[in-house]
Amino acid sequence: MAFHAGQDQFGRRQHPRVYRLIDALLQPHPQLDGLYDTIEEAFLDVCEWLEGLGPVADVACSIGLEVRTPDGGWRTIRHPAMVACPLACVTAAIG
């Protein structure tokens with residue numbers, strides 16, 4: 001069976017995955033309200049944001065992750081968890 005670009009092994013059309021960060025209320029994160037092509041890209045943005053907070057970075061924030069579904073909705077794939085430092089972001093991205 002030949003596969004065509006944009007289709008899975010069953011001939012269904014594949015959609016590129018798109019991710020977004022969410023807050024503790026499962027809403028788009030107010031400061032990090034963007035779309036990301038990869039999970040790593042999303043959490044690198046979290047790390048940069050936390051580093052930019054400077055001395056306030058000691059204050060933890062709750063961040064989760066959603067993926068867009070083929071019908072345009074969102075599905076939570078990582079429930080919000082406390083992230084207090086850039087190292088925690090990297091661990092969350094690969095864990």
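**A chat about a salt bridge, a sheet and a loop**

Modeller: In this predicted model, the side chains of arginine 20 and glutamate 66 meet in a salt bridge, at 2.7 Å from N to O.

Biologist: Which parts of the chain does that pair link?

Modeller: Distant ones: arginine 20 is in strand 1 (residues 19–22) and glutamate 66 is in strand 2 (residues 61–68), 46 residues apart.

Biologist: Okay, and what lets side chains pair up like that?

Modeller: Side chains of opposite charge can pair when their charged atoms come close.

Biologist: How many salt bridges does the structure hold?

Modeller: Just one.

Biologist: Is arginine 20 buried or exposed?

Modeller: Arginine 20 has a relative accessible area of 16%, and the cut-off for buried is under 20%, so arginine 20 counts as buried.

Biologist: And glutamate 66, buried or exposed?

Modeller: Glutamate 66 is buried too, with 5% relative accessibility.

Biologist: Switching to the strands. What order do they take in the sheet?

Modeller: The order is 1-2-3, in an open sheet of three strands with antiparallel pairing.

Biologist: Which strands stand at the edges?

Modeller: Strand 1 and strand 3 (74–83). Each has a single partner strand, so one side of each is left without a neighbour in the sheet. From one strand to the next, the twist averages 20°.

Biologist: How many bridges are there between strand 1 and strand 2?

Modeller: Four, in the antiparallel sense. In that pairing, leucine 21 stands opposite leucine 65 of strand 2.

Biologist: What holds paired strands together in general?

Modeller: Strands of a sheet pair through backbone hydrogen bonds.

Biologist: Where does helix 1 lie?

Modeller: Helix 1 lies across strand 1, strand 2 and strand 3, and runs at about 155° to strand 2.

Biologist: What about the loop between strand 1 and helix 1? Where's histidine 29?

Modeller: Histidine 29 lies in that loop, which comes before helix 1 (39–52). Histidine 29 is buried, with a relative accessible area of 4%.

Biologist: Which residues does histidine 29 touch?

Modeller: Leaving out residues up to four places away in sequence, histidine 29 touches Leu21, Ile22, Asp23, Trp49, Ser62 and Ile63.

Biologist: And leucine 25, is that buried or exposed?

Modeller: Leucine 25 also has its place in the loop between strand 1 and helix 1, but leucine 25 is exposed, at 66% relative accessibility.

Biologist: What separates leucine 25 from proline 80?

Modeller: Along the chain they are 55 residues apart, and their C-alpha atoms are separated by 8.3 Å.

Definitions and conventions
Residues numbered from 1 in each chain as written. Predicted model: local features only at pLDDT ≥ 70, side-chain atom pairs only at ≥ 80, totals over all residues. Heavy atoms only, no water. Salt bridge = Lys/Arg side-chain N within 4 Å of Asp/Glu carboxyl O. Helix = DSSP H or I, 4+ residues; strand = E, 2+ residues; numbered from the N terminus. Buried < 20%, exposed > 50% of the residue type's maximum accessible area, 1.4 Å probe, protein only. Contact = heavy atoms within 4.5 Å. Pairing = 2+ DSSP bridges. Axes fitted to C-alpha atoms, helices over the stretch in contact; angles between N-to-C directions.
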